[in-house]
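User: Could you take a close look at one part of this model for me? I'd like to start with a helix and how the rest of the chain sits around it, then hear about a few side chains elsewhere.

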Amino acid sequence: MNVIDHVRDMAAAGLHSNVRILSSLLLTMSNNNPELFSPAQKYQLLVYHADSIFHDKEYRNAACKYSMALQQKKVLSKTSKVRTSTGGAASNIQAQSLPSEIEVKYKIAECYTILKLDKDAIAVLDGIPSRQRTPKINMMLANLYRKAGQERSAVTSYKEVLRQCPLALDAIIGLLSLSVKGAEVASMTVDVIQSIPNLDWLSVWIKAYAFIHAGDNQRAINTICSLEKKSLLRDNVDLLVSLADVYFRAGDTKNAILKFEQAQMLDPYLIKGMDVYGYLMAREGHLEDVEVLGGRLFNISDQHAEPWVISGCHSFYSKRYSRALYLGAKAIQLNSNSVQALLLKGAALRNMGRVQEAIIHFREAMRLAPCRLDCYEGLIDCYLASNGIREAMGMANNIYKTLGANAQTLTILATVCLEDPVTQEKAKTLLDKALAQRPDYTKAVVKKAELLSREQKYEEGIALLRNALANQSDCLLHRMLGDFLVAVNDYQEAMDQYSIALSLDPNDQKSLEGMQKMEKEESPSDATVELDGDDMEGSGEDGDLEGSDNEAAQWADQEQWFGMQ
C-alpha cells in the first residue's frame, strides 16, 4: 500500500482537512522531483487535493485545482497508449481505479455555478460528449440552460434525465415549467408506472403540476386536493406546500395560510415555501409571528433565501424600507431564482421612489414565474407610480388575454382603468364581473369600495363591505367600513370598526388616524372620508445587488439583528 492509497482512503473516510495537508505536501515533493510519482498518481493527488479544497468552500481555488488535474489527465492519456502496450491488464485496472474525468468536469461546473459563473459552467458541461453525460450532468445543464433562457436545450436535457431516470420528479417539473404538455411528460413515465406497484398517483401528480404551470389555479387546487385526500399521500409536506402556494396564487389567503401552517406542524424544520408564508403573515399584520418565524428559520439555516425574505417582509411592513432592501438583496445573493426575494426588493425600491430599479426586479420575477400575478401587479404599480398609464394598460390587457377572465385578472385590469376618468365605467363593469365570480375576493372588494367612495354611494359601499366581512376578517376592509360609516355619521360603529382593524394590525396607521380624527373633531359631521387601496400588495421583484450597495453597507455592521429582529 503506497502513500497515494492512504490519501484515497482518507478522502473516502471524509478526512478532508487531513487530505488537504498531506496532498499539498506530496504535490510539492512531486514538483521538486517529477520522477517521484507517476502521471496517474499525480492526477489522483490533484483530484483529492481539489476535493478537499471544495469541501472547505474555496470554490475558485477548487476550480483551479480541478483544471490542473484535467491538464495532468491529458499528460496521462498521452502516455497511456505506450503503457497499455507494455503493461497490459494491470494498466487497465489502474486506469479504471482513477478518479473519473467526467466527475472532475462536473465538479468544475459545480464550482462555477456556486460562483454564479453560469456561462463558464455551461461551457464545461457542453464539452462532455452527450453519450458520456450522467443524469446529474444533464440535470445541471437543463437548469443552467433554463436560467440562461435557452429553453429548447433545457427541454432536451430534462428529457434525457427522464430517459435515464423516469422518476426524476424535479425534471418533470422543469419540463412542465417550460410549457411541455402534461400528456407528453406523462408518456415518458408510463412504463415505470405500469411496472411498479402503488405508483398510480404519479399521473395525477403530473396533471396537478401541469395545471400549476399553465396558470390554471382552480384545477390545480382540485387535483392536488384529490391527491392529498388519498390515504397513502395524506399529510405529505411537499403536496401541502404546493397546495398552499396555489391557494396563494389564486388569491385565497385564508386557505394558503392554513395549508402552510399544516405543513409547518408536520415538519418543524420546513424551509421551502416559508418565504411566501411569512409574506402573507406580514401582509395580514401578524408582525410578531413573522419575527418569530424568521428567527426560527435562521436557527435552521442562514444559507437559504427564505429566512432573509421573512425578516425583509417584517422590515417592509414596519416601513423600514432600506433594511428590507438590504435583506432582499442578501436573499437574492443566496438564491438568484427566489421570486419572493425579487418581489421584496422590488417593493422596497418602489416605496423608496426608485421606480426604474424596481421595474427591473419585477420583470425578472415575471420571467422566473410567468404565472404569478403578483409579479405583474408589482410592475403595474410601478408604471402607475411613474404615470405610465399606457404601459400599465398594455400589461393589464395582456394578462387578461393570456390568463383569461378570472377574478384576479379582471381586478388587475379594473385597477388600471380606475386611474383614467375615461375608463371609470369599464372599471365598474370589470369589478362587478370579478365579484360575481368571487364575492369574497378582497382586492376586488377594495377597488369597488374605492369607486363607490368616489361616487359618494356610501350606503352601497357599506353593504358591500359588510357582505365581504361576513365570512372573513380583514384589517383593510374593517378600516374602509369605518371610513364609510364616518361619511354617514355613524361614528360609534365607525370607532368599533377602526378598533377591530387595529386589533388585526396594530401598525395600521390609517385606522389610528381615523380614530384620533374623530376624537379630536368637535364637529364630527364635518368628518371627511379618506379611502385608500391596499397600500401594498406587497410583492417585489427581481433584484440584482447593485441597486443596494449603500444599504448593504449601512446594515453590514449590524449583524446583531441577524434575523432575530
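Analyst: Here is a walk through one helix, followed by some side chains from other parts of the chain. Bear in mind that this is a predicted model.

Let's start with H17, the helix that covers residues 274–283. Of its 10 residues, 10 are buried, so the helix is largely enclosed by the rest of the structure. That goes for Met274, Val276, Leu280 and Met281, and the buried set also includes the charged-type names Asp275 and Arg283. Tyr277, Gly278, Tyr279 and Ala282 are buried as well. What does the covering? Among the elements over the buried residues of H17 are helix H15 (237–249) and helix H16 (253–266) on the earlier side of the sequence, plus helix H18 (287–300), helix H19 (305–317) and helix H21 (339–351). Just after H17 comes Gly285, with a positive phi of about 95 degrees.

Now for the nonpolar packing. The largest nonpolar core holds 181 residues, and Trp205 and Ile380 touch the most other members. If you skip neighbours within four places in sequence, Trp205 is in contact with Leu169, Ile172, Ile173, Leu227 and Leu239.

Thr411 is a polar side chain worth a stop, and you'll find this residue in helix H25 (residues 407–417). Thr411 counts as buried because its relative accessibility is 3%, under the 20% cut-off. Its side chain reaches back to the backbone oxygen of Ala407 at 2.6 Å. Beyond four places in sequence, Thr411 is in contact with Leu431, Ala434, Tyr441, Lys443, Ala444 and Lys447.

On to charge pairs: the whole structure has 23 salt bridges. One of them joins Glu160 and Arg163, at 2.6 Å from N to O. Both residues lie in helix H9 (residues 151–164), three residues apart, about one turn of the helix. An α-helix has 3.6 residues a turn, so residues three or four places apart point the same way. Glu160 is partly exposed at 25%, while Arg163 is exposed at 57%.

Asp126 and Arg133 make another salt bridge, with their closest N and O atoms 4.0 Å apart. Here Asp126 is partly exposed at 36%, but Arg133 is buried at 14%. Glu357 and Arg354 pair up too, at 2.9 Å from N to O. Both ends of that bridge are partly exposed, with Glu357 at 27% and Arg354 at 21%. Finally, shared partners link Asp5, Arg8 and Asp9 into one salt-bridge network.

Key:
Residues numbered from 1 in each chain as written. Predicted model: local features only at pLDDT ≥ 70, side-chain atom pairs only at ≥ 80, totals over all residues. Heavy atoms only, no water. Core = buried A, V, L, I, M, F, W, Y, C linked by side-chain atoms within 4.5 Å. Buried < 20%, exposed > 50% of the residue type's maximum accessible area, 1.4 Å probe, protein only. Contact = heavy atoms within 4.5 Å. Helix = DSSP H or I, 4+ residues; strand = E, 2+ residues; numbered from the N terminus. Polar contact = N/O pair within 3.5 Å; in protein donor to acceptor, adjacent residues only side chain to side chain. Salt bridge = Lys/Arg side-chain N within 4 Å of Asp/Glu carboxyl O.
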